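Good morning, colleagues. I should like to walk you through one model this morning, beginning with its sheet and then turning to a pair of helices. Please have the structure open in front of you.

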Amino acid sequence: MIRFEKVTKTYPGTTKPALEQVSVDVEKGEFVFLVGQSGSGKSTALRLVLRETRPTSGRVYVAGKEINRLAGWKVPRLRRDIGTVFQDFRLLQNKTVGENVAFAMQVTGHSRQEIATRVPETLELVGLEGKGDRMPDELSGGEQQRVAIARAFVNRPMILIADEPTGNLDPATSVGIMKILDRINRTGTTVVMATHDAGVVDQMRKRVIELEAGRVIRDQSQGVYGFQH
Ligand SMILES: Nc1ncnc2c1ncn2[C@@H]1O[C@H](COP(=O)(O)OP(=O)(O)OP(=O)(O)O)[C@@H](O)[C@H]1O
């Protein structure tokens, strides 16, 4: 589903690569944690998958297509197939919960009827049934993140990318968020999550890829946050 072949990324104006000779293969339906210190290259790897930036050398494949060779007009389509969730939720504050989720379907051209069934269904999946008419600022942080996840998943993407989704949440709330990401993963969606949250990684026991200064230093199935021999 995602394949990096000897990917090196050096940002313009810098000499030290943000990623260096990274080769990684993520199969359809996998759940992968990307860990590593601040500046180790996690966000760069996620941005490459979304083609928000391009490799300096090497190849990035998403769903069998080399994304560097993808025509510009096909990039929105690629991004439609990838849901994204961030630490800071990024909800539209002047829209209700339901409208925030519906918006993701409107921009991808779904009919009103599809939206009317899919939005409540997805809100239920994330545990927000009956809260569609609330405004984001009336919700707790954990609930706002659930809205963001519903919005990312409502179009049933092949891949869900989550960049520090529990970074602003307390441990108990984070457990709830991870249950939802696990549920989404079980529907067949590939999940890639960058995180500093050791508790979450240790609890989930999924594949862990660790970056250090742009290089993969560990790729462990059913892994933990810190290295164990
Ligand atoms: N747009 C950019 N221009 C120049 N250098 C950049 C740019 N984006 C990132 N970098 C550099 O690339 C390296 C990797 O950054 P990246 O954001 O990928 O790390 P990260 O592991 O996601 O960090 P964090 O955990 O803090 O989000 C860092 O040295 C950073 O300074």
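**Sheet and helix packing**

Let me begin with helix α1, residues 42-49, which lies across β1, β2 and β4 and runs at about 120 degrees to β1. Please bear in mind throughout that this is a predicted model.

The strands just named belong to an open sheet of four strands, in the order β2-β1-β4-β5, with antiparallel pairing. Its edge strands are β2 (19-26) and β5 (65-66), each of which pairs on one side only.

Within the sheet, consider β1 and β4. Strand β1, residues 2-9, runs antiparallel to strand β4, residues 57-62, and five bridges join the two. As one example, T8 has S57 as its bridge partner in β4.

I now turn to the helix pair. Two packed helices are described by the angle between their axes and the distance between the axes. For helix α5 (residues 141-153) and helix α6 (residues 171-186), the angle is about 15 degrees and the axes are 10 Å apart. Angles under 35 degrees count as roughly parallel, and α5 is therefore roughly parallel to α6. The crossing of these two helices, α5 and α6, is right-handed.

Which residues make the contact? From α5 they are G141, G142, Q145, R146, I149 and F153, and from α6 they are T173, G176, I177, I180 and I184. Sorted by class, the contact of α5 with α6 comprises five nonpolar, five polar and one charged residues.

Thank you for your attention.

Terms used
Residues numbered from 1 in each chain as written. Predicted model: local features only at pLDDT ≥ 70, side-chain atom pairs only at ≥ 80, totals over all residues. Axes fitted to C-alpha atoms, helices over the stretch in contact; angles between N-to-C directions. Parallel < 35°, antiparallel > 145°, perpendicular 65-115°, else oblique. Left-handed = near helix turned anticlockwise from the far one by under 90°. Contact = placed C-beta atoms within 7 Å. Nonpolar A, V, L, I, M, F, W, Y, C, P; charged D, E, K, R; others polar. Pairing = 2+ DSSP bridges.
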